[in-house]
Amino acid sequence: MDTAINTFRRIIIVSYRLPFRIQSDGDKKVLVQNSGGLVSAMSALTEKLSANKEQPLSDKIIWIGCGENTEAEYLDASDSSSDYHLIPVNIDDQTNKLFYGGFSNDFLWPIFHYFSNYAVFNETYFEAYCKAQRLFLEKIEACATEQDFIWIHDYQLLLLPGMIREKIPSATIGFFLHTPFPSFETFRILNRPWREALLNGMLGADLIGFHINDYAQYFLRAVSRTLGHDVGLNTTIVDGRMIRVDAFPIGIDFRKFDEAARSKKVQSEIKQIRSNLGPSKLIFSIDRLDYTKGFLSRLASYEFFLEKYPEWHEKIVFNMIVIPSRDTIGSYQEMKKEIDALVGRINGKYGTIVWRPIIYQYRSVPFDELVALYSLSEVALITPLRDGMNLVCKEFAACQIKNAGVLILSEMAGAAAELGEALIINPTDKMEVAAALNKALLLPVRERELRMELIRKRLMNYDVYSWGKDYFNSVILIKKEQDLRKVVVLRKEIRDQIISAYNNSGKRIIFLDYDGTLVPYSRFPELAVPTDKTIRMLDKLCSDPNNQVILISGRARSFLDEHFGNLPLHLVAEHGAFVKFPGHKWTCEIDNDQNWKTSILPILQRYSDHCIGAFIEEKTTSLAWHFRNVDAEIASAKVNQLREELREITSNDTLLCMMDGNKVIEIRRAGYDKGFAAMKYLKENSFDFLLAIGDDKTDEDLFRVMPENSYTVKVGLVPSLAKYNLRSQADVSALLAEFAKDDRVPIPFFGKLVNSIVELI
Ligand code: GDG
């Protein structure tokens, strides 16, 4: 961890809210930590980092977030031992209302927690969401460098990683989502532009962390289905940058709770509470006021338990603490009223003169009291309807120093994936919850101890420190991986160098691929035709007697003839199977037997039937199965199956081979490729300017045979044998336009006349 930390100059944490507020302590102003899952986790982590005497942090951790005070006031209130340098983001009230209360809490929060019926759709929410994140961006830009690690947290800031990436392309950015990420069926409720914007925003990060693997997989699925990016088990590649998407189940500061539970202060607090409680067994829960936490169904289950198991009356007490949160929002106030009423009804129905079944408190709890309550409770009843992780259940276990308590935990909390020894329940099934309560209260001591011991051991091993370490190490690993796969973008200096080499050379050879290189991809190949501008540019290029320009394509002869037949170009069709010199006829470079197609066509047809959007292109020497219009997810499953099937055939038939292209699988006669075709031209080794440009996997064969002194350019930011990468097809047109930029300008006759005059002058 320490090595990982020291890889970066500084850590910059960014979250919606700053973790501290300023309070007066006599004459002095002091920083007081806010409550909440993110703050608890991060402060535990940073305390540990700062406490490391051998390798303390080189600088304070910068934390950027909304706060009530100015930067100077925070600085003033923090003492020299403080771990943080707090930088507040100021968002005006109206924007904040729409951004935080609106888009974040009234829209994303319910959708991400599967409460889509609570989601409020409002155009202005999203505008404010974008505006607010630009304000965060300003603060980050003012302090961040490429050597820092910027760690962004949670659903309020989903756009921010992408915004930073645009401004600081080589920044190291981590993103961690503390809520669940919903399945695609729920995520697709968002309208398409928002869906795309949010995913693209998150993909600005190098490492995207979730609490559990399910959320990571749902995210990757959303990326594949919404943006059409290829996704692997835990990675995806965007603009040539590999991004890791993984699960990092957040831990707690186990020792802090464990030690506090053993402390004298807490032990005397326990005695105090115990003497008030009497012999009753204590069932405990504490959560922020939120509909996701499942208060109403928890109370309904408890009521059912009281009804079904009357033998427990007067022997148990349920202490339900609700922490004030978001209670300015109307729906939260409503929910609070419902909780108040239900508690009142249950206590009225089952309570006696000596017994109140529920002790309900709506308040915050000081740390020592919280630890005491965790420690002395016999049962923790943690039943959220959805929860990213849930730290309360972990803290309860950390305080069970005698291993005596039982944890009842909702299967809808991320923590359930880790804590299998708890009694796992469905929080909406009151019968199951009631039965679990009864079981928990009756569980033999030995079984309670065994279960709790295992839970505690796991939480101790993977505490918040290990979580941070895991996350930091993964950031380093993905950066290393990116370095290995680095693409060399053809920057202006290299471009100038190529243009000047072109201008200073006398014998040039230029290989140009067609689709994706000379023209952008289109939904149907027939529609990807060259523009007049492209034809004019090619005309100029190949009319230069010093140039030999070869259009080296996978297209059929007829297509190339139709569009380029009038130009003095060399044409190579079907990936090298046919070659045509300017003014000559096509020559076939291979054995042109076509019988093999009869067995392959039905296979391709069968896959087309199952993949809406797929189509077959029949060429003389090959059959191409195009899947660019197939739903990405269906394609990823079916394409692999088809590959396997074809591989089986080609491994038994040495005359056939399979080619993986850009959203196309092609099966053809073996023994030739673009490299093979190019070699015929390159044999004549007297060129002083050599250039090859292509975007497809089949162009790698071309790059492979180009001599060392060539310029080879891959279109798209993906690793390649080519020396340089251009971002897009449009960049190729711009580069070629530079070569063709003799000032002899426009079209044929008049153009040539003007040129001659220019030359004369
Ligand atoms: C989000 C996700 C995820 C709260 N009130 C008091 C208090 N707290 C502390 C608890 C606990 C934390 O706040 C609450 O964490 P949870 O995980 O239970 O819930 P959220 O606030 O919803 O947190 C959640 C979490 O982020 C972390 O990623 O687990 O799923 O929703 O640490 O102890 N502590 C004290 N007094 C309070 O009144 N001392």
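Ala, Val, Leu, Ile, Met, Phe, Trp, Tyr, Cys and Pro count here as nonpolar, Asp, Glu, Lys and Arg as charged, and the others, Gly among them, as polar. The model is predicted, so that local features need pLDDT of at least 70 and side-chain atom pairs count only at pLDDT 80 or more, whereas totals for chains, interfaces and linings use all residues. Residues are numbered from 1 along each chain as its sequence is written, and side-chain values use heavy atoms, without hydrogens and water.

The shell around the ligand divides into 10 nonpolar, nine polar and four charged residues. Of its 23 residues (a heavy atom within 4 Å of the ligand), those that come nearest are His178, Ile323, Val365, Asp387 and Glu395. Asp387 also places a polar side-chain atom 2.5 Å from a ligand oxygen. Side-chain N or O atoms of Arg288 and Lys293 lie 2.8 Å and 3.1 Å, respectively, from an oxygen atom of the ligand. The protein covers 91% of the 720 Å² of accessible area that the ligand has on its own (Shrake-Rupley method, 1.4 Å probe).

Among the helices (DSSP runs of H or I, at least four residues), α2 (37-51), α14 and α15 (392-399) each supply at least two residues of this shell. The most, three residues, come from α14.

Helix α14 (residues 367-376) also meets helix α10 (residues 254-262): their axes, fitted to C-alpha atoms, come within 9 Å and cross at roughly 85°. The two helices are therefore roughly perpendicular (65 to 115 degrees). Lys256, Phe257, Ala260 and Ala261 of α10 make the contact with Phe367, Val371, Tyr374 and Ser375 of α14 (heavy atoms within 4.5 Å). By class, this contact has six nonpolar, one polar and one charged residues.

Technical notes
Axes are lines fitted to C-alpha atoms, for helices over the stretch in contact, and angles run from 0 to 180 degrees between N-to-C directions. Angles under 35 degrees count as roughly parallel, over 145 as roughly antiparallel, 65 to 115 as roughly perpendicular and the rest as oblique. A polar contact is a pair of N or O atoms within 3.5 Å; within protein, one must be able to donate a hydrogen and the other to accept it, and residues adjacent in sequence count only if both atoms are side-chain atoms.
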